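Me: I should like to learn how to read the features of a protein model. Could we go through them one at a time?

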Amino acid sequence: MGKSSLKMKQLPFMAVVCIVMLFVVYRTLKYQSYQEEIDKQWNFREDEKASSETSGNLKGLPRGIIQATSDFELRPLWSPSSLRSKVSVYSNRNLLAVPVGIKQKHNVDAMVQKFLPDNFTIILFHYDANMDGWWDLNWTSKAIHITAQNQTKWWFAKRFLHPDIVSIYDYIFLWDEDLGVEHFSPSRYIEIVKEEGLEISQPALDPNSTEIHHRITVRARTKKVHRRVYELRGSTRCSEASKGPPCTGFVEGMAPVFSRSAWYCTWHLIQNDLVHGWGVDIKIGYCAQGDRTQNVGVVDSEYVVHKAIQTLGGSDDPTKVSNRQRTTPKHGVAAFDQRVEIRRQSTWELEVFKERWNRAIAEDKNWVNPFKSDKKRTRQRRKTNQFS
């Protein structure tokens, strides 16, 4: 009798639990359906616009001859007649793009030697306009070389890594030149990224690296991959409740790796005139093709050393400054320091990027922040509509 009475009392409680669970499932499915509908409408409008423009500009061509994409694969000037009728089909190709200066030639050589055996296409962005010093390396003729004086990695990437150009590559490695790769294997790295479903990633930094900006990038020795960090000290507090960068869903700009889909989104996020790219890393999770806390991560088992050698706009050795770089201050005028000015420019660009992001949110009435709760989303939408 007692057990029967207890079961009777538990029934209403179980019913309430079931109702709550059903409500949660309903709200989740409703949001997913809403988000998919928004994405479909957005993609349809973009595709319709692109299709309209394309059909108008290409109306003089038969549709079957149109080829909308390209790549960086080298083609021979001549080939044996037996091979001329065969069309090369590339699969499992990946791209390494690095901004380089001649002062980092030795380190870049070591990096490229690691990547070439693993079916990578290599593209070097020469920011010091010095290409002649590279031709003694046995792989130089296999790489793509692009030269522009004193331009940044993001300037090069925006202009030469358009998604239609890199569409055959599964992963795009957009790395700095001052990374040590002694403990890094590109093939193993890609295996891990695929297994873990990481759309945006980076190798972890050796704790002994010269310069580390964010705790999340430091290698965890006992893990293969980590997606978040816990930090209760300092100005940035990261706990289990942290839902965004730099605690989770974050990689730094020095060694990011993008899937094809993630790069398509990221390329559109990069601002054409803000060449230092400050602020992009904080928003890059929006290009993770889903949940940034799951699709963005740091690979610990394949790690690199950040040497933090500043060469763009300055010297890698402050004791070896050329006469051209050394400035003699006039009476009452401070000496011009290129690195200081670059820092100021970067900081200014960061503020501009933030303003553009906030303005874009305010102007796009259909945009829904996927990383905010339903209540916050509703509140934000009401506020936006109120002042529009």
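Reply: The turns below take up a strand, the empty spaces and the salt bridges of this predicted model.

Me: Let us begin with strand 2. Is strand 2 enclosed or open to the outside, and why?

Reply: One reads this from the accessibility of each residue, and a residue counts as buried when its relative accessible area is under 20%. In strand 2, residues 120-126, seven of the seven residues are buried, so the strand is largely enclosed by the rest of the structure. The two faces may be read separately. Phe-120, Ile-122, Leu-124 and His-126 lie on one side, Thr-121, Ile-123 and Phe-125 lie on the other, and all are buried.

Me: Which strand pairs with strand 2 over seven bridges, and in which sense, parallel or antiparallel?

Reply: That partner is strand 1, residues 93-100, and the pairing is parallel. As one example of a bridge, Ala-97 is matched with Ile-123 in strand 2. The connection between these strands also has a handedness: strand 1, helix 3 (residues 105-115) and strand 2 make a right-handed β-α-β unit. Strand 2 pairs in the parallel sense with strand 3 (residues 144-147) as well, over four bridges. There, Phe-125 stands opposite Ile-146.

Me: Let us turn to empty space. How much space lies in the second largest pocket, and which residues are closest to its centre?

Reply: Rolling a probe the size of a water molecule over the atoms shows where empty space is left. Here the second largest pocket holds about 1,400 Å³ of space. Its lining has 41 residues, and those closest to the centre are Asp-176, His-213, Glu-252, His-276 and Trp-278. Helix 4 (153-160), helix 7 (280-283) and helix 9 (338-363) are the elements that give two or more residues to this lining. Helix 9 gives the most, with nine residues. By class, the lining of this pocket divides into 17 nonpolar, 13 polar and 11 charged residues.

Me: How many cavities of 30 Å³ or more are there?

Reply: The count comes to one cavity of 30 Å³ or more. The largest cavity contains about 40 Å³ of space. Its lining consists of Trp-154, Val-251, Glu-252, Gly-253, Pro-256, Phe-258, Val-280, Asp-281 and Ile-284. Six of these lining residues are nonpolar, one is polar and two are charged.

Me: Finally, how many salt bridges are found in the whole structure?

Reply: Side chains of opposite charge can pair when their charged atoms come close. A search of the whole structure finds 13 salt bridges. In one of them, the side chains of Arg-260 and Asp-170 meet with an N to O distance of 2.8 Å. This pair links distant parts of the chain, since Arg-260 is in helix 6 (residues 260-269) and Asp-170 is in strand 4 (residues 169-174), 90 residues apart. Arg-260 is partly exposed, with a relative accessible area of 36%, whereas Asp-170 counts as buried at 19%.

Me: Where in the chain are the partners Asp-273 and Arg-356?

Reply: The side chains of Asp-273 and Arg-356 meet in a salt bridge at 2.7 Å, N to O. Asp-273 is in the loop between helix 6 and helix 7, and Arg-356 is in helix 9, 83 residues apart. Asp-273 is partly exposed at 43% relative accessibility, and Arg-356 is partly exposed at 23%.

Me: Which residues are linked in a network of salt bridges?

Reply: Glu-195, Glu-196, Lys-224 and Arg-227 are linked in this way. Within the network, Glu-196 and Lys-224 form a salt bridge whose closest N and O atoms are 3.7 Å apart.

Key:
Residues numbered from 1 in each chain as written. Predicted model: local features only at pLDDT ≥ 70, side-chain atom pairs only at ≥ 80, totals over all residues. Heavy atoms only, no water. 1 Å grid on protein atoms, 1.4 Å probe; cavity = no way out; pocket = protein on both sides within 12 Å on 5 of 7 lines; lining within 4 Å. Points joined across faces, edges and corners; volume = space filled by probe spheres on them. Nonpolar A, V, L, I, M, F, W, Y, C, P; charged D, E, K, R; others polar. Buried < 20%, exposed > 50% of the residue type's maximum accessible area, 1.4 Å probe, protein only. Pairing = 2+ DSSP bridges. Right-handed = clockwise from strand over helix to strand, strands pointing away. Salt bridge = Lys/Arg side-chain N within 4 Å of Asp/Glu carboxyl O.
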